[in-house]
Each structure stands twice: as structure tokens, then as C-alpha cells.
Amino acid sequence: MQADTATATARLKERLYATITMISVVVGLGASGHVEPGGAAATVATASAGLWLASVVADQQAHRVVHGNLAGGRELRTMLFVSSPLLLSAVGPLLLIAAAALGAMELETALVTAAAVNVAVLFAWGCHGGVRMGGGTVFALAAGAVDAAIGTAVAVVKAAAGH
């Protein structure tokens, strides 16, 4: 699907939101201290699917209120395309949880790794945004650091709350 600028912007926003949310989910699972791989996988999948479904329902309701009809055809495909990162955000954590279930690593290691990878993803998107804005390397790194700090803050708050 060829995305126009507004669609690409909305999709990236969802991707960033999903990344931050998944940090919270995996850190919360790790902080609980008593989760098994099956339960962790179910929680990650359910959180991802629930967020996606909530997004689709909200988009459909907003469309109905503004346009007086349900989105269909191209509009519905765009909604599904924009919201798909909410589902895709579960892939990395689920792969790491599967590795833990197969004995390749401890579950806690898998969850911490998933959170760290997502923080790194935020850093990369921040750097990319800084480069696109033309601010140079220092500005790009600063933008990446700010985004990574936001993801880290989410993880720290979630861990400190113990859930």
C-alpha cells in the first residue's frame, strides 16, 4: 500500500505508541516475578490485539460521527494499515518469550531484552527524525536520546510501581 504523508505520519505515530506500550507490558511482566512463558505470551498477544481492536473501533466510530457512515473500501484499508503496528509490536517480545520457553534464555532475560530493544527502536526513530529535520548528527543523537529517555522512563516507572 502506497501511503500518503498523512497516512505515513499516523502509522508512525501508532508504531511509536505501540513501542512505548510494549515496553510497559514487558517490564510489568518482568516486575511481577511470577510469570511463565505461556502467560507472558498470552499477556503480550492480548495487550497487542486489545490495543489494535480499540484503535480500529475508535477510528470507525470517529469516521461514523464525522462522515455519517462506516468506513469501507479504501478508508477501511487505510485504518487497518495505520493501526497494524499495534499488532506488529508483539512480534519481537513473542519471539524472545518463545526463545525462553525453548530454554535458550531465562524469561526475565527475554523480557528485559524486549524492553531494551524497544528503547533502542525509539532511539533509532528519534535519530531518524532528527536527520530528517536537517539538524545534523548532534541534533539527531539528541532527538534519539530524548525518545530513548521517554521509553526508559516508562520502564523505570513501571518497574518502580512493581507491576
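pLDDT is the predictor's confidence in each residue, on a scale from 0 to 100. The structure on display is a predicted model, and its chain averages a pLDDT of 92, with 98% of the residues scoring at least 70.

**The whole chain**

Begin with the entire chain shown as a cartoon. Seven helices and zero strands are present, so that reading along the sequence gives the pattern α-α-α-α-α-α-α. Measured out along the principal axes, the C-alpha atoms fill a box of roughly 50 × 40 × 30 Å. Of the 163 residues in the chain, 31% are buried. Among contacts between residues at least 6 apart in sequence, 67% join residues at least 24 apart.

Next, colour the chain by confidence. Helix H5 (91–101) has the highest mean pLDDT among the elements, 97, and helix H7 (residues 136–161) has the lowest, 88.

**Helices H1 and H3**

Select residues 5–32, which form helix H1, together with residues 73–83, which form helix H3. Their axes come within 7 Å and cross at roughly 40°. Angles under 35 degrees would count as roughly parallel, and those from 65 to 115 as roughly perpendicular; H1 and H3 are therefore oblique to each other.

Now display the side chains where the two helices meet. On H1, select Thr7, Ala10, Arg11 and Glu14; on H3, select Thr78, Phe81 and Val82. The residues of this contact comprise three nonpolar, two polar and two charged.

**Helix H2**

Move on to residues 37–67, which make up helix H2. The 31 residues of H2 should span 45 Å at 1.5 Å a residue, and the 44 Å between its end C-alpha atoms agrees with this.

Which residues of H2 are buried? Select Ala40, Val44, Ser48, Ser55, Val56, Gln60 and His63 to see them. An α-helix has 3.6 residues a turn, so residues three or four places apart point the same way. To see what covers the buried residues of H2, add the surrounding elements, which include H1, H3, helix H4 (85–88), H5 and helix H6 (107–132).

**Glutamine 60 and glycine 68**

Centre the view on glutamine 60, which lies in helix H2. Is this residue buried or exposed? Its relative accessibility is 16%, and because buried means under 20%, glutamine 60 counts as buried. Leaving aside residues up to four places away in sequence, glutamine 60 touches Leu70, Ala71, Leu76 and Met79.

Finish at glycine 68, which follows H2 and has a positive phi, near 80°.

Notes
Residues are numbered from 1 along each chain as its sequence is written. Side-chain values use heavy atoms; hydrogens and water are left out. Axes are lines fitted to C-alpha atoms, for helices over the stretch in contact, and angles run from 0 to 180 degrees between N-to-C directions. Helices (H or I, at least four residues) and strands (E, at least two) are DSSP runs, numbered from the N terminus. Angles under 35 degrees count as roughly parallel, over 145 as roughly antiparallel, 65 to 115 as roughly perpendicular and the rest as oblique. Contact means heavy atoms within 4.5 Å. Ala, Val, Leu, Ile, Met, Phe, Trp, Tyr, Cys and Pro count as nonpolar, Asp, Glu, Lys and Arg as charged, and the others, Gly among them, as polar. The expected span of a helix is 1.5 Å times one less than its number of residues. Buried means under 20% relative accessible area, exposed over 50%, partly exposed in between (1.4 Å probe, protein chains only).
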